[in-house]
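Colleague: I would like to learn how to read a fold from its elements, step by step. Please show me the model and take me through it.

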Amino acid sequence: MKRFAGILLSAALVLSLASCGGKSEETPAPPTQGETTAAQQVETSALAPEISAELQSKNDKTLVVYFSRVGNTDFPSDIDAVSSATLSRRDGELKGNAQLMAEWMADEADGDLFEIQTETSYPIDYTETTDVAKQEQNAGARPALKSHIEGFDSYSTVYLVFPNWWADLPMALYSFFDEYDFTGKTLYVSITHEGSSFSRTVSTIQSLEPDALVIEGLSIRGASVADSESTVRQFVQDNQ
């Protein structure tokens, strides 16, 4: 009987020790609300680069902005574009020089195209337009704009094209820069001109947008724009 009792006591001790030692192998309790398992953390971490890349692509778009007489002047359909250094015809459609350059840039960069348009149109006659431009400049005018950019913050690179008016920006461009903040953006500035080249336009834009990277782009004489498509496209390719 003593031997049998001893066997029972030994068996009880073994079962007791096995029960105590087995606690380290227990299945962990499910996480409480708000906690994340290690597997979930790994899965989230793996997705993070894809999410980051998607967000970056949304803020890495290219925009081409231009200001031109066409679109800001009510030209008659039969206007003689040949006699004007600021106008061209492509497939029967009237185009401004800055507009032509901008369209080539947008196509080459696969970017969006935006035209700066004023609420008040400029005169059809070129000389009268220059007179109005001078009056605006002397008055420090800020012409009201009727076109506005949607989702401007999504663009990281902007190409800007406009004509040099009286060795300065058209005053509509001052209105444009008053409206938009170019902080952190890269801005390529290109102009059309009749002999003045850039004048002080680039330095003026740098002073208006001190937190942007403002880069001098192309300066093309008006009469040469129509034959400058390859030059414009190469410029975009070189800066992508």
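Colleague: Start with strand E5: how many of its residues are buried?

Modeller: This is a predicted model, and what follows is read from it. Burial is judged residue by residue, from relative accessible area. In E5, 9 of 9 residues are buried, and the strand is mostly covered.

Colleague: What is the overall content of helices and strands, and in which pattern do they follow along the sequence?

Modeller: The protein has 7 helices and 7 strands. From start to end the pattern reads α-α-β-β-β-α-β-α-β-α-β-α-β-α. Of the 240 residues, 41% are buried. Among contacts with a separation of 6 or more, 79% join residues 24 or more positions apart.

Colleague: What is the strand order in the open sheet, and which strands are at its edges?

Modeller: A sheet is read by strand order and by the sense of pairing. Here 5 strands form an open sheet in the order E4-E1-E5-E6-E7, with parallel pairing. The edge strands are E4, residues 112–115, and E7, residues 213–221, each of which pairs on one side only. From one strand to the next, the twist averages 20°.

Colleague: How many bridges does E5 make with E6, and how many join E1 to E5?

Modeller: Take E6 as the partner to begin with. E5 (155–163) and E6 (186–193) pair in parallel over 7 bridges. Valine 161 is opposite serine 190 in E6, while phenylalanine 162 has isoleucine 191 of E6 as its bridge partner. With E1 as the partner, E5 is joined by 6 bridges, and these two strands also run parallel. There, valine 64 is opposite tyrosine 159 of E5.

Colleague: Through which helix does the chain cross from E5 to E6, and is the crossover right-handed or left-handed?

Modeller: Handedness is read by following the path from one strand over the helix to the other. The chain leaves E5, passes through helix H5 (residues 171–179) and arrives at E6; this β-α-β crossover is right-handed.

Colleague: Which strands does helix H3 touch, and which does helix H7 lie across?

Modeller: For helices on a sheet, look at the strands contacted and at the angle between directions. Helix H3 (97–109) packs on the sheet and touches E1 (61–66), E4, E5, E6 and E7. The direction of H3 makes about 155° with that of E5. Helix H7 (229–238) lies across E5, E6 and E7, and runs at about 165° to E7.

Colleague: Why does glutamine 99 count as buried?

Modeller: Under 20% relative accessible area is the cut-off for buried. Glutamine 99 has 7% relative accessibility, so it counts as buried. This residue is in helix H3. Leaving aside residues up to four places away in sequence, glutamine 99 touches Tyr66, Ser68, Val70 and Leu94.

Colleague: Is threonine 62 buried or exposed, and what about aspartate 80?

Modeller: Threonine 62, in strand E1, is buried because its relative accessible area is 17%. Beyond residues up to four places away in sequence, threonine 62 touches Ala109, Gly111, Asp112, Tyr155, Thr157 and Tyr159. Aspartate 80 sits in the loop between E1 and strand E2 (87–90). With a relative accessible area of 42%, aspartate 80 is partly exposed. From aspartate 80 to leucine 94 is 14 residues in sequence and 9.5 Å in space, C-alpha to C-alpha.

Colleague: In which sense do E2 and E3 pair, and how many residues lie between them?

Modeller: E2 and E3 (93–96) pair in the antiparallel sense over 4 bridges. They form a hairpin with 2 residues between them. Arginine 89 is opposite leucine 94 in E3. In the turn, aspartate 91 has a positive phi of about 55°.

Colleague: What volume does the largest pocket have, and which residues lie nearest its centre?

Modeller: Rolling a probe the size of a water molecule over the atoms shows where empty space is left. The largest pocket has a volume of about 300 Å³. Its lining holds 20 residues, with Tyr126, Pro163, Asn164, Trp165 and Glu194 nearest the centre. H3, helix H4 (126–139) and E6 each supply at least two residues of that lining.

Technical notes:
Residues are numbered from 1 along each chain as its sequence is written. This is a predicted model: local features need pLDDT of at least 70, side-chain atom pairs count only at pLDDT 80 or more; totals for chains, interfaces and linings use all residues. Side-chain values use heavy atoms; hydrogens and water are left out. Two strands pair if DSSP finds at least two bridges between them. Axes are lines fitted to C-alpha atoms, for helices over the stretch in contact, and angles run from 0 to 180 degrees between N-to-C directions. Contact means heavy atoms within 4.5 Å. Buried means under 20% relative accessible area, exposed over 50%, partly exposed in between (1.4 Å probe, protein chains only). On a 1 Å grid over the protein atoms alone, a cavity is a set of points where a 1.4 Å probe fits but cannot get out, and a pocket is an open set with protein on both sides within 12 Å along at least five of seven lines; lining residues have an atom within 4 Å of a point. Grid points are joined across faces, edges and corners, and a volume is the space filled by probe spheres set on the points.
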